[in-house]
Amino acid sequence: MPYAVSSDNVKLYYEETGQGVPILFVHEFASDHRGWEPQMREFGKRYRCITYSARGYTPSDVPADAAAYSYRHVMRDAVAVLDHLKIDKAHIIGLSMGGYTTLQVALNHPGRVRSMTLAGTGSGSERWYTQDFHKHSAALGDIFASKGAAHVAQT
């Protein structure tokens, strides 16, 4: 399987298709690299399309340490995928959590971004909502672990 490696040695699974100008797709919290399959298939006809599973989403590594999941880590992970594939600049498209990652790449590495498309970005980033967002996310993660994705999807 193809893996890029982040600066802190987390293996990141990625897939790519097509040729030409690169587009990097960054997934949302409730998905993984597979969520971009329709876009990969369509845009892959004209562009070099890449998607990856963020740290914590198999088949990428799932670090046990909660400190391994900061916005700086996920931003560096996106750049690590670009570095691994020897891509200087890419269009980056992010949904929700992936949109926030995309924004951080643009703010911290503007020379790596041709353009960015952000959809549903900012969930949990409002400072007044951060603690509640973390509690809700932890509770949701517990439900995923104990009852599975099918149960969560019904809610």
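**Exercise 1. Classify the exposure of Glu16 and describe its salt bridge.**

Solution. Glu16 has a relative accessible area of 37% and is partly exposed. On this scale, buried means under 20% relative accessible area, exposed over 50%, and partly exposed in between (1.4 Å probe, protein chains only). Next, consider the partner: Glu16 forms a salt bridge with Arg48, with 2.8 Å between the closest N and O atoms. A salt bridge is defined here as a side-chain nitrogen of Lys or Arg within 4 Å of a carboxyl oxygen of Asp or Glu. Finally, place the pair in the chain: Glu16 belongs to strand β2 (residues 11-17) and Arg48 to strand β4 (residues 48-52), so that distant parts of the chain, 32 residues apart, are linked. Helices (H or I, at least four residues) and strands (E, at least two) are DSSP runs, numbered from the N terminus.

The basis of these values is as follows. The model is predicted, so local features need pLDDT of at least 70 and side-chain atom pairs count only at pLDDT 80 or more, while totals for chains, interfaces and linings use all residues. Residues are numbered from 1 along each chain as its sequence is written, and side-chain values use heavy atoms, with hydrogens and water left out.

**Exercise 2. State how many salt bridges the structure holds, and examine further examples.**

Solution. The structure holds eight salt bridges.

- Step 1. Arg34 and Asp32 meet through their side chains at 2.6 Å, N to O. Arg34 is exposed, at 59% relative accessible area, whereas Asp32 is buried, at 9%.
- Step 2. Asp83 and Arg112 form another salt bridge, at 2.8 Å, N to O. Asp83 lies in helix α2 (residues 71-84) and Arg112 in the loop between α3 (97-108) and β6 (113-119), so this pair ties together parts that are 29 residues apart in sequence. Asp83 is partly exposed, at 43%, and Arg112 counts as buried, at 17%.
- Step 3. A network of salt bridges links Asp8, Arg55 and Asp77.

**Exercise 3. Locate Thr121 and identify the residues that it touches.**

Solution. Thr121 is placed in the loop between β6 and α4 (130-147). Its relative accessible area of 31% makes Thr121 partly exposed. Leaving aside residues up to four places away in sequence, Thr121 touches Ser96, Gly99 and Tyr100; contact means heavy atoms within 4.5 Å. The C-alpha atoms of Thr121 and Ser96 are 4.4 Å apart, although 25 residues separate the two along the chain.

**Exercise 4. Determine which classes of residue line the second largest pocket.**

Solution. The lining consists of Phe29, Ala30, Tyr57, Ser137, Ala138, Leu140, Gly141, Phe144 and Ala145. By class, seven are nonpolar, two polar and none charged. Ala, Val, Leu, Ile, Met, Phe, Trp, Tyr, Cys and Pro count as nonpolar, Asp, Glu, Lys and Arg as charged, and the others, Gly among them, as polar. A pocket is an open set of points on a 1 Å grid over the protein atoms alone, where a 1.4 Å probe fits, with protein on both sides within 12 Å along at least five of seven lines; lining residues have an atom within 4 Å of a point.

**Exercise 5. Describe the order of elements in the protein chain.**

Solution. The protein chain contains five helices and six strands. From the N terminus on, the order is β-β-β-α-β-α-β-α-β-α-α. Buried residues account for 37% of the 155 residues. Among contacts between residues at least 6 apart in sequence, 66% join residues at least 24 apart.
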